[in-house]
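Let's take a friendly walk through a protein model. Keep the structure in view as you read.

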Amino acid sequence: MDLKMLISISRPRFWLYTAGPYLLGYTASSASLYDLMSPAFLGTLIYFMIPANFYLYGINDLFDRDTDILNPKKGSKEVLSLSVGVKVLVLVIASSLLISLLALIFLQGLSRIFLGIFVALSTIYSAPPIRLKSKALLDSYSNALYAMPLLVGYAQNTNNVPGIDILIASISWSAAMHAFSAIPDIEYDKKAGLRTVATLLGWRGALLFCAANWGVASIVAVWRDILLLPSLIYPLIPVYILVRGGDVEKIYWRFPLINSTMGFLAFIYIIYKKGFLAVL
């Protein structure tokens, strides 16, 4: 196995889906921009950038070997688990789990609890006997695991949570993102016997589910700050597809760019509101 295939297990295009929320949560609770230079922050950021994704997707690939072969995106857009091999996947999972356990020892208080939830949800999402990815609705809402890095970062500085409305918005946003990703896989997941939110609700129902959950997240954001109106782009995407039609899969693969851009703007806005730009 070459290095490129090994790295592809961690889905590099999705690295910011875990590292980005952590950056936002940590920055929102920081006292100064210098906090972003602390070893604790940098170490945890690297963890959520790489080892966390090796664990999350390594587990996914190990237990999806029987179903991945039915999905054409495996082997083209994403690595085909059968081409990786069980031994390599087990080694990747064991190594990244060890790093996760070290991170759990290092963190304290609520940040440790939230990281524990992240590791637990990453495991039971794909691994039997629970395997939440085959339980419609739970598959989407268990993607709250992507909100955990934000909570870890926020709790590292405050040992607190950012607010129940932020929790609801984060879980709703993550559930919608998962459901949108499941829509292109409806046909293949049905063949594989997976009961996902998209196979349960169908193409139209899943898009409505996305619009509703992204809508909740956007309402919370705008309620907190009217300048967060650009967040409405998320519920408008499924609404546009429902009204005008569109290739969900093609749009889905543009989400890493959309999310990275929105996350970067959110980061700039946070450091602006906290007055950190004045020290630059």
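## An enclosed helix

In this predicted model, a good place to begin is helix α10, whose buried residues are Met148, Pro149, Leu150, Leu151, Val152, Gly153, Tyr154 and Ala155. That makes 8 of the 11 residues of α10 (residues 148-158), so the helix is largely enclosed by the rest of the structure. What do the buried residues of α10 pack against? Their neighbours are α2 (16-28), α3 (39-49), α8 and α11 (164-182).

Look just past the end of α10 as well: Asn159 takes a positive phi of about 50° there.

## A threonine in helix α8

Helix α8 covers residues 109-126, and Thr123 is part of it. Is Thr123 buried, partly exposed or exposed? Its relative accessible area is 23%, so Thr123 counts as partly exposed, because buried would require a value under 20%.

The side chain of Thr123 reaches the backbone oxygen of Val119 at 2.8 Å. In an α-helix, residues three or four places apart point the same way, because there are 3.6 residues a turn. Leaving aside residues up to four places away in sequence, Thr123 touches Tyr55 and Ile59.

## Salt bridges across the chain

The structure holds 6 salt bridges. One of them joins Asp61 and Arg11, with the closest N and O atoms 2.8 Å apart. Asp61 sits in helix α4 (residues 51-63), while Arg11 is in the loop between α1 (3-8) and α2, so this bridge links distant parts of the chain, 50 residues apart. Asp61 is buried at 0% relative accessible area, and Arg11 counts as buried at 5%.

Another salt bridge pairs Lys133 with Asp64, and here the closest N and O atoms are 2.4 Å apart. Lys133 is in the loop between α8 and α9 (138-141), Asp64 is in the loop between α4 and α5 (65-68), and 69 residues separate them along the chain. Both Lys133 and Asp64 are buried. Salt bridges that share partners also join Asp64, Arg131 and Lys133 into one network.

## Around the loop between α13 and α14

Asp225 and Lys273 meet in a salt bridge at 3.2 Å, N to O. Asp225 lies in the loop between α13 and α14 and Lys273 in helix α16 (residues 255-273), so the pair ties together parts 48 residues apart in sequence. Asp225 counts as buried at 11% relative accessibility, whereas Lys273 is exposed at 54%.

Ile226 also belongs to the loop between α13 (197-224) and α14 (233-244), and Ile226 counts as exposed at 54% relative accessibility. With Leu227, Leu229, Leu232, Leu236, Val239 and Val243, Ile226 makes a nonpolar surface patch of about 650 Å².

Key. Residues are numbered from 1 along each chain as its sequence is written. This is a predicted model: local features need pLDDT of at least 70, side-chain atom pairs count only at pLDDT 80 or more; totals for chains, interfaces and linings use all residues. Side-chain values use heavy atoms; hydrogens and water are left out. Helices (H or I, at least four residues) and strands (E, at least two) are DSSP runs, numbered from the N terminus. Buried means under 20% relative accessible area, exposed over 50%, partly exposed in between (1.4 Å probe, protein chains only). Contact means heavy atoms within 4.5 Å. A polar contact is a pair of N or O atoms within 3.5 Å; within protein, one must be able to donate a hydrogen and the other to accept it, and residues adjacent in sequence count only if both atoms are side-chain atoms. Patches are made of residues with over 30% relative accessible area and no salt bridge: like charges are joined within 9 Å, nonpolar side chains (Val, Leu, Ile, Met, Phe, Trp, Tyr) within 5 Å. Accessible areas come from the Shrake-Rupley method with a 1.4 Å probe; for residues, only the protein chains shown count as cover. A salt bridge is a side-chain nitrogen of Lys or Arg within 4 Å of a carboxyl oxygen of Asp or Glu.
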